[in-house]
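Student: Hey, got a minute to look at a model with me? I'd like to go through how some of its helices pack.

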Amino acid sequence: MRFDDEVVRAVKHQAALDDTQPRKTDDELTAITETVCAAVSSGTYDFTTSTSQVLTQSGGKKRYIKQYADCYSAESVLCQCIKQILDRAFRIRYPNRNKSVHSVFNTLKAVKQMADFTIIKCDFKDYFNSVSAQYVFEKYIKAKLSNRFEADLVEKFTKQTRFAYAGFSTSNVIAEIIAEQFDSAVRLAFADKGILFFERYIDDTLIIVNEHIEEAKCLRILNDILKSVYHDESIKPKPKCKTRFNHSKFIHVTHRGLMAIPNTVKPVDYLGYEFRFLHNPNAKKNQDIVLTYGITEAKRKKYKKRLEHLIALFTEERIDGVANPDYQNLELLRHRIAAFTSREVYQSRRFRQTVWKTKGFIGNYGELRYLLETDLIDSTTKNFLKDMVTNAFNNAGFTTLPYFMLGSSGKSGYNLFENMKKNKTLLFVERIGYSEQALKKLCSQVGISLTDINGKNRGYGNLARDYLIKVKVGY
């Protein structure tokens, strides 16, 4: 691929994600592309011009990121170009959360019946910001890039940015390139120990083996792998990786450990789910290990805060001192609560392929829907799903629930428990989901223009994107 074509792809990608201003015209996109190509030819770009930000996430957790102020700047577009180059060179398979979780559920059904097992959960601390981009370039990337221009561009980027900071387009691909080496080393190290299951989702790792392994030995194996992959002393360029395990989140659960302490819950969390193991000495033989499923407290708090924010956008005239355009917009609130309590499915394009994407609470915790009417689901989680939305309105001071929360529609249309049972889905795929007319009706109800700045009718994909952004699902 010619590099000019790489830039064209990157500019179009930036435009597709830009929700800060009206959609760019083809002429505007061409002008941006020409500006970036000119900067490349003259060398007048500087990757050190990124700005640092501290984002406060749900639950008050701080996240340090770096970004380029203008998503159409030469630096920002070239950052996306580098991601495209590395994706193609390494054929990165990014972890799929839903597939990982489905595999965990299937495996755990068998594990609790086994005579012996060890479950290990570990994750990295501040992962992206700890991975040295320059270290990854020298150890893993350099030898893979045969195109001299592309290799020089990536090297310049890694030297000037130093780490795979969250916020850069390249953070995922650089972090995954080295993490895949970690994956291979883990599989090799546990191969002779009866490894049943191994999944890593970004920085979150779960290992299950069918024999007993002491905690100290597990830690020793993992630390040796960490050292060989992330802290190779033969790699001279600085900075080195700062990657470490988050020891406060390390979990080690064994069959022998559970049998030794009856009626004591041992929780294992993975990707927001919580698996609670307990030895019930009064149960029948081969059923003495009890396993229940739920959502972790941290994730319950996260979604509770997210819902509180949606309601605040309706109740508060000003947000952070700025006039709130959504104040008292009840119809918009209805759409947002409907989206919050549903699963959203839509399509996007990646490498000339159509990619199906799923978002929303029910999409994230869909494995629980098969357990809702059983005793396998944790009671705290069940009550959370049933009462969360109603409690949020009550806590916000509503003396009467909004009209859409009342009666039969409130029970089934805006309730997480009921919607999860039915796997309620907002399907934004033309011909099998919302029709174009139905989507236009949704957009009109929340104030999204059906035409562009030139008065032309906007396409299905653009309208779906804007609707998902408007109702706070994201795209």
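Tutor: Sure, we'll go through some helix contacts, then a pocket and a couple of backbone angles. Keep in mind that this is a predicted model.

Student: Okay, at what angle do helix 11 and helix 12 cross?

Tutor: Helix 11 covers residues 297–315 and helix 12 covers residues 330–340; their axes cross at roughly 165° and come within 9 Å.

Student: So what do we call that arrangement of helix 11 and helix 12?

Tutor: Roughly antiparallel, because angles over 145 degrees are put in that class. The crossing of helix 11 past helix 12 is right-handed.

Student: Which residues make the contact?

Tutor: From helix 11 you have Tyr-303, Arg-306, Leu-307, Leu-310, Ile-311, Leu-313 and Phe-314. Helix 12 brings Leu-330, Leu-333, Arg-336, Ile-337 and Phe-340. Sorted by class, that contact has 10 nonpolar residues, 2 charged ones and no polar ones.

Student: Switching topic: what about helix 3 and helix 8, how do they cross?

Tutor: The axis of helix 3 (residues 74–90) crosses that of helix 8 at roughly 30°, and the two come within 9 Å. The pair is therefore roughly parallel. Here the crossing is left-handed.

Student: And which residues of helix 3 and helix 8 make the contact?

Tutor: Lys-83, Leu-86, Asp-87 and Phe-90 of helix 3 meet Val-173, Ile-174 and Ile-177 of helix 8. That gives 5 nonpolar, no polar and 2 charged residues.

Student: What angle does helix 6 make with helix 8?

Tutor: About 55°, with the axes 10 Å apart; helix 6 is residues 133–141 and helix 8 is residues 171–189. That angle makes helix 6 oblique to helix 8. Helix 6 passes helix 8 in a left-handed crossing.

Student: Which side chains of helix 8 does helix 6 meet, or rather, which residues?

Tutor: Ile-174, Ile-177, Ile-178 and Gln-181 in helix 8 are met by Ala-133, Tyr-135, Val-136, Tyr-140 and Ile-141 in helix 6. By class the contact holds 8 nonpolar residues, 1 polar and no charged. Ile-174 and Ile-177 are also among the helix 8 residues in the contact with helix 3.

Student: Nice. Now pockets: what volume does the second largest pocket have?

Tutor: About 250 Å³. Its lining is made up of Glu-308, His-309, Ala-312, Leu-313, Glu-316, Ile-319, Asp-320, Asn-324, Asp-326 and Lys-472.

Student: Which helix gives the most to that lining?

Tutor: Helix 11, with 4 residues. Leu-313 lines this pocket and also takes part in the contact with helix 12.

Student: How does the lining split by class?

Tutor: 5 charged, 3 nonpolar and 2 polar residues.

Student: Last thing: which phi value does Asp-126 have?

Tutor: A positive one, about 50°, although Asp-126 is not a glycine. Most residues other than glycine have a negative phi. Asp-126 sits in the loop between strand 3 (118–123) and helix 5 (127–130).

Student: And where is Arg-162?

Tutor: Arg-162 is in the loop between helix 7 (148–161) and helix 8. Its phi is near 75°, again a positive value in a residue other than glycine.

Key:
Residues are numbered from 1 along each chain as its sequence is written. This is a predicted model: local features need pLDDT of at least 70, side-chain atom pairs count only at pLDDT 80 or more; totals for chains, interfaces and linings use all residues. Side-chain values use heavy atoms; hydrogens and water are left out. Axes are lines fitted to C-alpha atoms, for helices over the stretch in contact, and angles run from 0 to 180 degrees between N-to-C directions. Angles under 35 degrees count as roughly parallel, over 145 as roughly antiparallel, 65 to 115 as roughly perpendicular and the rest as oblique. A crossing is left-handed if the near helix is turned anticlockwise from the far one by less than a right angle, and right-handed if clockwise. Contact means heavy atoms within 4.5 Å. Ala, Val, Leu, Ile, Met, Phe, Trp, Tyr, Cys and Pro count as nonpolar, Asp, Glu, Lys and Arg as charged, and the others, Gly among them, as polar. On a 1 Å grid over the protein atoms alone, a cavity is a set of points where a 1.4 Å probe fits but cannot get out, and a pocket is an open set with protein on both sides within 12 Å along at least five of seven lines; lining residues have an atom within 4 Å of a point. Grid points are joined across faces, edges and corners, and a volume is the space filled by probe spheres set on the points.
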